[in-house]
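Colleague: Before we discuss this model, please show me the sequence and the coordinates. I should then like to put some questions about pockets and strands.

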Amino acid sequence: GADGALVSFRSTDEGRSWSAAVRVNDEEASAGEGLHAMAADGNFSYTAWLDDRAGGKELRGASSSDGGATWSKSQSIYRSPEGTICECCHPSVFIRGGGKELFVLFRNWLSGSRDMFLAVSTDGGSAFTEQKLGEGTWPLKACPMDGGGLWVDDKGPLTVWRRASAIFFARPGNPETELGPGKNPTLAGHTVVWSAPDGLWMKGDGEPRLLEAQGAFPAGAAGAGRELVAYESGGRIIVRVLSGE
């Protein structure tokens, strides 16, 4: 697509062939940064991205009820009263209940601080409410270019994110727990994985431990009783099952 277009491709034969590109953002060139996240539950999919149409970056989203073949008109998830959210941190999305509940994690920019917020919709994305995560704050005059990780279990959302040079874990409304130094955190179900100065670290039920000394840039996923992480190591992409093998 053209610069600033966010597009999706759809396969109905397990990836052997793919459809033509379908644009997700409904205003030309409004997704210039390209930072986005997508999740699906059955045929319902939702994509959130950093959008430029209002001047500063705002968080917008669009849904698909036919497995990504077509997309709805976008709606604003959150617009900062100070003109822009953090410009270069990717959002994260989680869907529950076939699209009734939507959760979007993003980094805000208020009063000079770059703190993580969680936006929640219980009506399929028509309206969202947002709240700051954790009790601390991160005054910063630059974008850290670091999003977070999001998962939802029976107790509600779990989030992991970076503040300054440390990784924090929190449920909304509760104090955060510091896990250690690092950046680029992700959640694979209940397991946290992040990049630290000495390699890739993880924390499940026990104490944090080194997962891969040469690993970096992890991406977590979970489903069907398994937790997995993909990451870069030695010029390759590695995929590991962390639990449920």
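Modeller: In what follows, Ala, Val, Leu, Ile, Met, Phe, Trp, Tyr, Cys and Pro count as nonpolar, Asp, Glu, Lys and Arg as charged, and the others, Gly among them, as polar. Please note that the model is predicted.

Colleague: How many residues of each class line the second largest pocket?

Modeller: The second largest pocket has a volume of about 190 Å³. Its lining consists of Val7, Ser8, Phe9, Arg10, Ser11, Met38, Ala40, Ser45, Gly67, Gly68 and Trp71. By class, this lining holds 5 nonpolar, 5 polar and 1 charged residues.

Colleague: Is serine 8 buried or exposed?

Modeller: Serine 8 belongs to strand 1, residues 7–8. The cut-off for buried is under 20% relative accessible area. Because its relative accessibility is 11%, serine 8 counts as buried.

Colleague: Which side chain forms a polar contact with that of serine 8?

Modeller: Beyond its neighbours within four places in sequence, serine 8 touches Ala20, Ala21, Val22, Val24, Gly68 and Trp71. A polar contact of 3.0 Å links the side chain of serine 8 to that of tryptophan 71.

Colleague: Which element gives the largest share of the lining of the largest pocket?

Modeller: The largest pocket has a volume of about 570 Å³. Of its 29 lining residues, the closest to the centre are Ala37, Pro91, Ser92, Val93 and Gly220. The largest share of the lining, 5 residues, is given by strand 3.

Colleague: Which residue of strand 21 stands opposite glutamate 227?

Modeller: Strand 20 (residues 226–233) and strand 21 (residues 236–243) run antiparallel and are joined by 7 bridges. Opposite glutamate 227 stands serine 243.

Methods. Residues are numbered from 1 along each chain as its sequence is written. This is a predicted model: local features need pLDDT of at least 70, side-chain atom pairs count only at pLDDT 80 or more; totals for chains, interfaces and linings use all residues. Side-chain values use heavy atoms; hydrogens and water are left out. Two strands pair if DSSP finds at least two bridges between them. Helices (H or I, at least four residues) and strands (E, at least two) are DSSP runs, numbered from the N terminus. Buried means under 20% relative accessible area, exposed over 50%, partly exposed in between (1.4 Å probe, protein chains only). A polar contact is a pair of N or O atoms within 3.5 Å; within protein, one must be able to donate a hydrogen and the other to accept it, and residues adjacent in sequence count only if both atoms are side-chain atoms. Contact means heavy atoms within 4.5 Å. On a 1 Å grid over the protein atoms alone, a cavity is a set of points where a 1.4 Å probe fits but cannot get out, and a pocket is an open set with protein on both sides within 12 Å along at least five of seven lines; lining residues have an atom within 4 Å of a point. Grid points are joined across faces, edges and corners, and a volume is the space filled by probe spheres set on the points.
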